[in-house]
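Here's a quick briefing to read with the model open beside you. It goes topic by topic, so feel free to jump around.

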Amino acid sequence: MGDDEYKIRIFGSDDLNRVMAINAECLPENYSSFFYRDLYNRFPKTFVVVEADGEIQGYIMCRIERGLSKLRSLRPVRLCHVVSIAVREPYRRRGMATNVLKEAMKNGSEEYRASECFLEVRVGNEPAINLYERLGFTKVKRNFGYYLDGEDAWVMAISLEEKRDSLGESLRDKYLGYDTPPFS
Ligand code: ACO
Ligand code: ZN
């Protein structure tokens, strides 16, 4: 693992093949290159990658949407929808997912004025559910048979308005030590 450090930065066009390969390695939900490019073109600040050992080892990509609040009924809001997040297996449990998600939430709030962040996660995906709960997401709804194989999804959401102050300064381009995650 080299010098025990990693770096959070915004995705760039040259990163596309690497991010697509990590998505294919880590998740059954895969997308066309058009889909990634479209998200990057529209919402670059919430497409965040993490680099270690000279290569990208994880990513998060989001879509900013208008919709009804997941947390307060019938209120139209701007939402930061986490479309996909993954970290390569050898690099897990070092805070990388926590930090790319924190950066995307911060940028979704500050750059795109999203007031909530939400996502769907397989009900059986305990690592991911733990990650989201530790950051303050709550389960707001169960979508039955959401995935192609029939598994249910939890919709999980968090307010970014209450979170704004606690998200701290941007992590972008800072080197983060594995043993001292800044948010633990
Ligand atoms: N078992 C239990 N809890 C876990 C696990 C695990 N295997 N992994 C993470 N957590 C929880 C822990 O509370 C952890 O804190 P700790 O290490 O101090 O105990 C906390 O989450 C934060 O973990 P991170 O180190 O930030 O997470 P990591 O970088 O390992 O990535 C991720 C987590 C993204 C879920 C990774 O396991 C992964 O890529 N899995 C496959 C892809 C996936 O499931 N992605 C999410 C799908 S849902 C969506 O994309 C919207
Ligand atoms: Zn989704």
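**The quick tour**

β4, α3 and β5 form a β-α-β unit, and a right-handed one. Keep in mind that this is a predicted model. That unit is a handy place to start, since β4, α3 and β5 turn up again around ligand 1, where each of them, like α4, supplies at least two residues of the shell.

**Overall layout**

- The chain has 8 strands to go with its 4 helices.
- Walk along the sequence and you get β-α-α-β-β-β-α-β-α-β-β-β.
- Of the contacts in the chain with a separation of 6 or more, 69% are between residues 24 or more positions apart.
- The chain runs to 184 residues, and 33% of them are buried.

**Strand pairing around β4**

- With β3, β4 pairs in the antiparallel sense, and the pairing covers 11 bridges.
- To find your place in that ladder, look for G67, which sits opposite V77 in β4.
- With β5, β4 pairs in the parallel sense, this time over 3 bridges.
- Here the pair to look for is L79 and, opposite it, E116 in β5.
- As a reminder about strands at large, side chains in a regular strand alternate between the two faces of the sheet.

**A86, a buried spot in β4**

- A86 belongs to strand β4.
- Is A86 buried or exposed? It counts as buried because it has 23 C-beta neighbours inside 10 Å, and the cut-off for that is 20 or more.
- Setting aside neighbours within four places in sequence, A86 is in contact with I22, N23, C26, L27, G58 and Y59.
- A86 and M96 are 10 residues apart along the chain, and their C-alpha atoms are separated by 9.2 Å.

**The nonpolar core**

- The largest nonpolar core takes in 41 residues.
- Which residues have the most contacts inside that core? They are V48, Y59, I60, V100, A104 and C117.
- I60 is a good one to click on: beyond its neighbours within four places in sequence, it is in contact with V48, V82, I85, V100, L101 and A104.
- Y59, one of the core residues with the most contacts, is also among the contacts of A86.

**Around ligand 1**

- There are 23 residues around ligand 1, and R92, A97, T98, P127 and L131 come nearest.
- The elements that each give at least two residues to the shell are β4 (76–87), α3 (96–110), β5 (116–122) and α4 (126–135).
- Which element gives the most? That's α4, with 6 residues in the shell.
- By type, the shell splits into 13 nonpolar, 5 polar and 5 charged residues.

**Two loop residues with positive phi**

- D53 isn't a glycine, yet its phi is positive, near 50°.
- You'll find D53 in the loop between β2 (48–52) and β3 (55–68).
- D53 is partly exposed, because 13 other C-beta atoms lie within 10 Å and exposed would take 12 or fewer.
- L74 isn't a glycine either, and its phi is also positive, at about 65°.
- L74 sits in the loop between β3 and β4, the two strands that pair in the antiparallel sense.
- Why does L74 count as exposed? Because it has 6 other C-beta atoms within 10 Å, and the limit is 12 or fewer.

Definitions and conventions
Residues numbered from 1 in each chain as written. Chains lettered and ligands numbered in written order. Predicted model: local features only at pLDDT ≥ 70, side-chain atom pairs only at ≥ 80, totals over all residues. Near = placed C-beta within 6 Å. Nonpolar A, V, L, I, M, F, W, Y, C, P; charged D, E, K, R; others polar. Contact = placed C-beta atoms within 7 Å. Core = buried A, V, L, I, M, F, W, Y, C linked by C-beta atoms within 7 Å. Pairing = 2+ DSSP bridges. Right-handed = clockwise from strand over helix to strand, strands pointing away.
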